[in-house]
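Trainee: Got a minute? I'd like to go through this model and ask how each label is earned.

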Amino acid sequence: MIEAVNLRAGYGGREILHGVTLTARKGEVLALVGPNGCGKSTFLKALVGIVPPEGEVRIDGKPVGELPGNALARHLSYLPQGKSVPDITAGRLVLHGRFPYLHYPRRYGPGDIAIAREAMEKLDIAILWDTPVAALSGGMRQKVYIAMALAQGTGNLLLDEPTTYLDIAHQLRLLTLTRALAREGKTVTMVLHDLPQAMEYSDRLAVMKDGRLLDVGTPEEIFTRGSLEAAFGVKLSRFRASDRWRYYCD
């Protein structure tokens, strides 16, 4: 579980987040949605301390200040938007997710390798273990980074636009995987730009606008209150298909 209380953060003396209070619950997928520049990515960065925040952040009930260094990395995995392309193989990159658990002389053991391979299998990329990251397409590279976050083995996942570079089939497989991870008891918080996907695959949505939390609720609550229309200025409609609601923007 991740709790943010009156969170404020920004860059170069300019405040981007204005007192956001939000809880991501254990066993749920929470989607952060909102117009470009509304503070979604800044919120994730503030949770992990990349952007120094004001306010309170608690991870699994503990203040972040009590979880320094590797201790925080054993509770929280963070996948940012912009990622480098290291000159290593995909398997070696996924193994980096095990770094918080290593002790001197920091060598990966059989258990670490098994966990890394299992993470790659969940994303159907185990065959890429020995492939250089630089030789992969953007979509495959994105899946390798997601596997690294899974290999970290934390109870909390922060994913900033995880479907970037993925084709529609792989987007849907990834979103289905996030649902499965939540059912296992993990807390999954992710920034999504595709509103219909956010409505169909999340347990709750947090709608942001101008650095503030506009609304938070289940997809049904968000739809009924018209919160996405208020944030984006577009009309969200839906129809019933296969015993579930399908959403689209007019």
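Mentor: Sure. It's a predicted model, and a good place to start is an open, mixed sheet of six strands, ordered β6-β7-β8-β3-β9-β10.

Trainee: What makes β6 and β10 edge strands?

Mentor: Count partners. β6 (76-79) and β10 (212-217) have a single partner strand each, so one side of either strand has no neighbour in the sheet. From one strand to the next, the twist averages 15°.

Trainee: How do you know that β9 and β10 are paired?

Mentor: Pairing takes at least two bridges. Strand β9 (residues 204-209) is joined to β10 by five, and the two run antiparallel. Five against a cut-off of two, so they count as a pair. Within that ladder, Lys-209 sits opposite Arg-212 of β10.

Trainee: Which strands does helix α1 touch?

Mentor: Helix α1 (residues 40-48) packs on the sheet and touches β3 (29-33), β6, β7 (156-160), β8 (187-191) and β9. Touching here means heavy atoms within 4.5 Å. The direction of α1 makes about 145° with that of β7.

Trainee: And where does helix α5 lie?

Mentor: Helix α5 (residues 138-151) lies across β6 and β7, running at about 170° to β6. Angles go from 0 to 180 degrees between N-to-C directions, so 170° puts α5 and β6 close to opposite directions.

Trainee: Gly-139 is in α5. Why is Gly-139 called buried?

Mentor: Buried means under 20% relative accessible area. Gly-139 comes out at 10%, so the label holds.

Trainee: What is Gly-139 in contact with, beyond its neighbours within four places in sequence?

Mentor: Tyr-165 and Leu-166. As for Ser-84, Gly-139 is 55 residues from it in sequence and 14 Å from it in space, C-alpha to C-alpha.

Trainee: Back to strands. How many bridges link β4 to β1, and how many to β5?

Mentor: Strand β1 (residues 2-11) and strand β4 (residues 54-59) share five bridges, antiparallel. β4 and strand β5 (residues 62-63) share two, also antiparallel. The cut-off is at least two, so β4 and β5 still count as paired.

Trainee: Which residues stand opposite Arg-58?

Mentor: Glu-3 stands opposite Arg-58 of β4, and Arg-58 also stands opposite Pro-63 of β5.

Trainee: What links β4 and β5 in their hairpin?

Mentor: Two residues lie between the strands, and Asp-60 in the turn has a positive phi of about 50°.

Key
Residues numbered from 1 in each chain as written. Predicted model: local features only at pLDDT ≥ 70, side-chain atom pairs only at ≥ 80, totals over all residues. Heavy atoms only, no water. Helix = DSSP H or I, 4+ residues; strand = E, 2+ residues; numbered from the N terminus. Buried < 20%, exposed > 50% of the residue type's maximum accessible area, 1.4 Å probe, protein only.
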